[in-house]
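Colleague: I would like to go through this model one step at a time. Please show it first.

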Amino acid sequence: MATSEKIQVDSVTGQTTTGHEWDGIRELNTPLPRWWLWTFYATILFSIVYWVVYPAWPGISGFTHGLWGQSSRGDVAADVAAIQAQRAVTEAGLKDATVEQIAADKKLLSLALAHGKAAFGEDCAPCHGSGGQGGKGYRNLTNEDWLWGGKFADILQTVTHGIRDYTDKETRQSAMPAFGAMGILKPEQIQQVVSYIRTLSKLAPEQGVDVAAGKQIFADNCAVCHGDDGKGKREFGSANLTDGFQLYGGDVKDLIQTVTYARNSTMPAWGARLDPVTIKTLAVFVHNLGAGE
Amino acid sequence: MSAAEKIDNAGGPEVYDEGPLYASAAKVYPQKVSGTYRRLKWAILIVCLGLYYILPFVRWDRGPNEPHQSILIDLPHSRFYWFFIEIWPQEVYYFTGILILAALSLFLSNALFGRVWCGYFCIQTVWTDLFLWVERLIEGDRRDRIKLDAAPWSAAKVGKRIAKHGLWLLIAFGTGGAFVLYFADAPTLVAQLFTLKAPLAAYAWIGILGFTTYYLAGHMREQVCVYMCPWPRIQAALTDAEALNVTYRRDRGEPRMSVKEAARARAADKPAGDCVDCAQCVAVCPVGVDIRKGSQLGCIQCGLCIDACDTVMAKIHRPTRLIAYDTDENLKRRARGEKAVYRLVRPRTILYVVVIGVVGSLMLYKLSTRQHIGLSVLHVRAPMYTLAHDGMVRNGYTVRFANKWSEPREFALSIAGPAGATVKSEEADALPDGRLKVRLDPDATLEAEIYVTAPVAAASAGGAPITMTATDLTNGESATVADHFFGP
């Protein structure tokens, strides 16, 4: 500071000012305590140490990994390993028990449902919906319209070996012929049998269509798998046509398409992809969705 | 820069100080003092620290399935225990209530006695006091410490420094050590700590809190109050003209003069102040402020300057309490020749007391009527409903029961609402009367999917009302939740 100049001093506090003034109020020059500065330097030092020990700087084809070799991926892997080790202990009971035994033991059941819920969300929800509610072509697991059976053993079998998944020898298999495409039935006959099928579920037949003819066509072509009464047979996984629930829709249009081209959808065999405990918990979880037998 | 160089050049040329942006904090050497407020501060310090160290070891019987520690923050099990109170995570509103009470109590104490919290109860004050006591014990009083700091390094100085910092570190890590005892079974953890078997987190926290205690109470001291703590700033907004603050009675003290000068002035019937400008009030101040400049940011209202001034006043045979808990209003009143008035009961303090009473009563009511049974119901949304065979519709509900007893309990779940409704669950047992029975572990919750089936006519797309009631089969205590039953 120029020694010849006078220094502005606030008359109340006796402190020097910075010379900044707003509406007559001058800013006092109060130096920050020195330790504040040291704290600032300490943070700089901290960041330098951080750069050295942790991953920090990006490069062209990678980044500096840091001396400690820490990585988020590694942390996750360690966490996953830790949780699996923990699960191995808590889920030891699930390993040896059958699905029925699990369902009978409240503690095991609770454990299995928690495990099954997570696995269902990962592996089943994409087709069957987050709560098993299904969709067109995908079975609604919350109602009683089981095609292959709703007992623990049935569900376990379906989940393990899948449906029409021919990578698995024990997969559930059956095939409905494409009655129209293969030329077994004429379009008019299909129209008639569809109208008859609708009456089984107490739905209105198409106007002006000969339902009696449809009944005969049904007896000749469909009853062998779907039963004389149309209630379906689980050994074939054939649909119950009397309950109003049609996997691919019960409209005339939907049914005509089903009879003409057949559906024969598939479900993967999860036995090859998931561990036995997870499969069991999935069976328990699906059974617990409200319609288990 | 000395005072002589400072010139008030208001209206003069625009010049400004290009002085340093940073300056070392002037070290404060608080002098030993004795008197009423010092004794009070010691008493509070002993009680506070005593409670802090002893409480984790106090046992409290809660039955066979729960911890026996009077105060325990059980993080792994998400429980907080405080003697007869046990709080679950979802009851965290009790903490909100405690925080509101704490804030209001602080406001009230502030309206009554200014920053009495800062001066007597704040952990920074209590630990700084303790650290100063250690410093005084080893290095002597104010003058000795100033001399020691200025003295060149010698064996004696090194010895004193080692002793002081050693004791400080011992207290600091003891502080951190006591803190972690609130998070685990104290006797077990103490044994683990000394046999190096304690969890890493325990050592880490002892390290962190030990370091902060050592650094903040030993080295930072008043800098914490002046620069780090927000409370002095909030205080400025909360204090008022009637709050009792440590006040230098300017009307009595000024003009300052020596005892002899004052005697002469009084003889000549001229104004004579009681303040002899001995600066004892400044010497004992733990923050290093001059209270005679009036209420200020740095002052923590600890009252030690009152003790120091009283000692001097007693020596020179003048009335004590030249510095006292007083108000600026009273200074003005006395200047006008009126009597001093102390108005601790005024609308503001009454309001605080009333609000504290209301919040406190609410919390007490909630606590005394706290249920030991809990029920929460979440309607399954995917699907909202399922059409079952034979004209029935089924809704799923995720139900969570809570048993807050320290023993296993059996609950029964009943439903009411849709006509002809039945309830089933694979996770519960069916009772003959159609209710569901679940068995809960002590102090635990249980989640179950339950399914309610009713004729389609009993449901509606907008949701027909349904209530679920969980009843404790031991004592009949119940909890009811209302929900909806959906259909096509």
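What follows is a set of questions and answers on a predicted model.

Colleague: Which pattern does chain A follow, read along the sequence?
Modeller: Chain A has eleven helices and three strands. Read along the sequence, the strands and helices of chain A give the pattern β-β-β-α-α-α-α-α-α-α-α-α-α-α.

Colleague: Is chain A spread out or compact?
Modeller: For 293 residues the globule rule gives 19 Å. The radius of gyration of chain A is well over that, at 36 Å, so chain A counts as more spread out than a compact globule. Along its principal axes, the C-alpha trace of chain A spans about 120 × 55 × 45 Å. The answer is therefore: spread out.

Colleague: How is chain B divided, and what separates the centres of domain 1 and domain 2?
Modeller: Domain 1 of chain B covers 37-92 + 117-231, and domain 2 covers 373-485. Taken over C-alpha atoms, the distance between the two centres is 50 Å.

Colleague: Which classes of residue does domain 1 of chain B have on the side that touches domain 2?
Modeller: Four residues of domain 1 of chain B are in contact with four residues of domain 2. On the domain 1 side there are no nonpolar residues; the classes found there are two polar and two charged.

Colleague: Which strands stand at the edges of the open sheet in chain B?
Modeller: This sheet has three strands in the order 2-3-4, with antiparallel pairing. A strand at an edge has a single partner strand, so one side of it is left without a neighbour in the sheet. Neighbouring strands are turned by 10° against each other on average, direction ignored. The edge strands of chain B are strand 2 (71-74) and strand 4 (85-87).

Colleague: In strand 3 of chain B, what is the bridge partner of B:D74?
Modeller: Strand 2 of chain B and strand 3 (residues 79-82) run antiparallel and are joined by four bridges. Within strand 3, the partner of B:D74 is B:R79.

Colleague: Are helix 4 and helix 8 of chain B roughly parallel or roughly perpendicular?
Modeller: The axes of helix 4 (residues 123-139) and helix 8 (residues 200-220) of chain B come within 8 Å and cross at roughly 75°. Angles of 65 to 115 degrees count as roughly perpendicular. The two helices of chain B are therefore roughly perpendicular.

Colleague: Which residues make that contact, and of what class are they?
Modeller: Helix 8 of chain B contributes B:T213, B:L216, B:A217 and B:G218, while helix 4 contributes B:Q124, B:W127, B:T128 and B:F131. By class, the contact has four nonpolar, four polar and no charged residues.

Methods
Residues numbered from 1 in each chain as written. Chains lettered and ligands numbered in written order. Predicted model: local features only at pLDDT ≥ 70, side-chain atom pairs only at ≥ 80, totals over all residues. Axes fitted to C-alpha atoms, helices over the stretch in contact; angles between N-to-C directions. Parallel < 35°, antiparallel > 145°, perpendicular 65-115°, else oblique. Contact = placed C-beta atoms within 7 Å. Nonpolar A, V, L, I, M, F, W, Y, C, P; charged D, E, K, R; others polar. Pairing = 2+ DSSP bridges. Domains from an automatic or database assignment. Rg over C-alpha atoms; globule rule 2.2 N^0.38 Å.
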